[in-house]
Amino acid sequence: MIRRYGDAPEPARRYTLRPGAYAILPRDGALLVTHQSEPWPEFQLPGGGIDAGESPVQALHREVYEETGWHITRAQRLGAFRRFTYMPEYDLWAEKLCIIYAALPVRPHGAPLEPGHSVRWMAPMVAAALLGNPGDRDFVRRHAV
């Protein structure tokens with residue numbers, strides 16, 4: 001069974017399954033995270049939804065690049081969690097299946113491609129306190145601190 005973080009699903013609400021791949025990216029004692037300004041300011045693990053026809057690892061590479069401008073290597077799956085949330089950018093109530101990886105950021109290729117995203121480097125303990133959802137915070141505490 002995959003652990004759930006955050007609010008329990010509302011019994012009368014219909015949720016759409018939204019799988020995604022996210023990365024814990026350590027380098028030189030810090031973690032690479034992204035800050036998303038919209039729909040509300042939030043620190044996040046880089047990553048996002050898996051598109052049709054993509055594997056989770058392909059989505060991870062694409063999403064990390066789009067949100068940070070960095071290429072990564074050595075992606076290793078750490079686990080997964082679920083959370084039930086509203087995604088205003090898609091006007092969608094989602095059951096997010098978050099697959100978490102550890103990977104190494106190898107080199108930047110420019111600014112993030114995603115509007116409203118910026119790159120932040122922070123100590124793992126700081127990231128564990130500031131990340132916007134409890135699943136991300138728990139994975140960072142267990143795997144990066």
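Okay, let's start with one residue: Thr68 is buried, with a relative accessible area of 1%. Keep in mind that this is a predicted model.

So where does Thr68 sit? It's in helix α1, which covers residues 56–68. And what does its side chain do in there? On one side of the story, a polar atom of the Thr68 side chain lies 2.6 Å from the backbone oxygen of Val64. The Thr68 side chain also reaches the backbone nitrogen of Trp70, at 3.0 Å. As for company from elsewhere in the chain, if you skip the neighbours within four places in sequence, Thr68 is in contact with Leu32, Pro46, Gly110, Pro112 and Val119.

Now let's zoom out to the sheet. It's an open one with four strands, in the order β5-β1-β7-β6, and the pairing is mixed. Why do β5 and β6 each have one side without a neighbour in the sheet? They stand at the edges, β5 being 47–49 and β6 being 70–87, and each has a single partner strand, so one side stays free of a sheet neighbour. On average, neighbouring strands here are turned by 20° against each other, ignoring direction.

In the middle of that order, β1, residues 16–24, and β7, residues 92–108, run parallel and are joined by nine bridges. One pairing to look at: Ala21 has Ile99 in β7 as its bridge partner.

Back to our helix, then. Helix α1 packs on the sheet and touches β1, β5, β6 and β7, with its direction at about 90° to that of β6. Helix α3, residues 134–143, lies across β1, β6 and β7, and runs at about 145° to β6.

Definitions and conventions: Residues numbered from 1 in each chain as written. Predicted model: local features only at pLDDT ≥ 70, side-chain atom pairs only at ≥ 80, totals over all residues. Heavy atoms only, no water. Pairing = 2+ DSSP bridges. Helix = DSSP H or I, 4+ residues; strand = E, 2+ residues; numbered from the N terminus. Axes fitted to C-alpha atoms, helices over the stretch in contact; angles between N-to-C directions. Contact = heavy atoms within 4.5 Å. Buried < 20%, exposed > 50% of the residue type's maximum accessible area, 1.4 Å probe, protein only. Polar contact = N/O pair within 3.5 Å; in protein donor to acceptor, adjacent residues only side chain to side chain.
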